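Please look over the structure shown here before reading on. The report takes up one topic at a time, starting from a single side chain.

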Amino acid sequence: MSKPSLDDLDFRIIDAFSRDARVSNRQIAAELGVTEGTIRTRLRRLQNDGMIQFTVVTDFRMAGSPNLVMMWIQAEPSKVPQLSKQLSEMPEIGSVVLLLGRCSLMATGLFTTVEAADSIVRRKIRPLDGVIDVELSWSIGTPKYDARLARITRPNVN
């Protein structure tokens, strides 16, 4: 599947909505000097192509489980695809990231106690076929949290 191409207007629309997703199509159209129908059509295409989606992003510190735990997982290389699938299916796990380096995977979750996180690791993660080791890092503060982590930016042209 080829990557959808974005033009200058697409980037400007994405930028406008990334600043405030509640803004109306009419306001964006006026700001960008196009019709509301153009904005509506472009948004529909961007959504259908999977380039953008609209959702409410909550601050994890307000979720009732303010402790973000990162689980650094060393795994047998041949088992990484299956492990990533198994970890992704666990309701306690909020994200799974494939890595190159010291660890093969990083899984994150929100936990209220050290015991709760340890229990998940001991009961559900360590027993998985291919897991070599799991190391936990417990978040003790969040100097910066940007919910817009996945930004669509213009490619660098040299």
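Leaving aside its neighbours within four places in sequence, which residues is Arg42 in contact with?

## Arg42 and its surroundings

In this predicted model, Arg42 is placed in helix 3, which spans residues 36-48. Once neighbours within four places in sequence are set aside, the residues in contact with Arg42 are Asp7, Leu9, Asp10 and Ile13. With one of these, Asp10, the contact is made between side chains, since the side chain of Arg42 and that of Asp10 form a polar contact of 2.9 Å.

Arg42 also has a place in a wider arrangement, for a network of salt bridges links Asp7, Asp10, Arg42, Arg45 and Asp49.

## Salt bridges elsewhere

Side chains of opposite charge can pair when their charged atoms come close. Over the whole structure, a search finds 16 salt bridges. One of them joins the side chains of Arg19 and Glu31, with 3.3 Å from N to O. Because Arg19 lies in helix 1 (residues 8-19) and Glu31 in helix 2 (residues 25-32), this pair ties together parts that are 12 residues apart in sequence. Glu31 has a relative accessibility of 46% and therefore counts as partly exposed.

A further salt bridge is found between Asp20 and Arg22, whose closest N and O atoms are 3.3 Å apart. How exposed are these partners? Asp20 counts as partly exposed, at 31% relative accessibility, whereas Arg22, at 76%, counts as exposed. In the salt bridge of Asp133 with Arg126, the closest N and O atoms are 3.4 Å apart; here Asp133 counts as partly exposed at 33% relative accessibility, and Arg126 likewise counts as partly exposed, at 40%.

## The sheet

Turning to the strands, 4 of them form an open sheet in the order 2-3-1-4, and their pairing is antiparallel. Strand 2 and strand 4 are the edge strands, each of them pairing on one side only. From one strand to the next, the twist averages 20°.

Within this sheet, strand 1 and strand 3 are paired in the antiparallel sense over 7 bridges. As a detail to find in the model, Ile73 stands opposite Leu105, which belongs to strand 3.

## The helices that lie across the sheet

Helix 4 lies across strand 1, strand 2, strand 3 and strand 4, and its direction is at about 165° to strand 2. Helix 5, for its part, lies across strand 1, strand 3 and strand 4, and runs at about 170° to strand 4.

Which residues of helix 4 are buried? In this helix, which covers residues 80-88, the buried residues are Val80, Leu83, Ser84 and Leu87. They cover an arc of only 100° around the axis, so they are on the same side of helix 4. What covers these buried residues includes strand 1 (67-75), strand 2 (95-98), strand 3 (105-111) and strand 4 (131-138), together with helix 5 (114-125). The buried side chains of helix 4 can thus be read alongside the sheet, given that the strands in the order 2-3-1-4 are among the elements that cover them.

Conventions. Residues are numbered from 1 along each chain as its sequence is written. This is a predicted model: local features need pLDDT of at least 70, side-chain atom pairs count only at pLDDT 80 or more; totals for chains, interfaces and linings use all residues. Side-chain values use heavy atoms; hydrogens and water are left out. Buried means under 20% relative accessible area, exposed over 50%, partly exposed in between (1.4 Å probe, protein chains only). Helices (H or I, at least four residues) and strands (E, at least two) are DSSP runs, numbered from the N terminus. The arc is that of the directions from the helix axis to the C-beta atoms. Contact means heavy atoms within 4.5 Å. A salt bridge is a side-chain nitrogen of Lys or Arg within 4 Å of a carboxyl oxygen of Asp or Glu. A polar contact is a pair of N or O atoms within 3.5 Å; within protein, one must be able to donate a hydrogen and the other to accept it, and residues adjacent in sequence count only if both atoms are side-chain atoms. Two strands pair if DSSP finds at least two bridges between them. Axes are lines fitted to C-alpha atoms, for helices over the stretch in contact, and angles run from 0 to 180 degrees between N-to-C directions.
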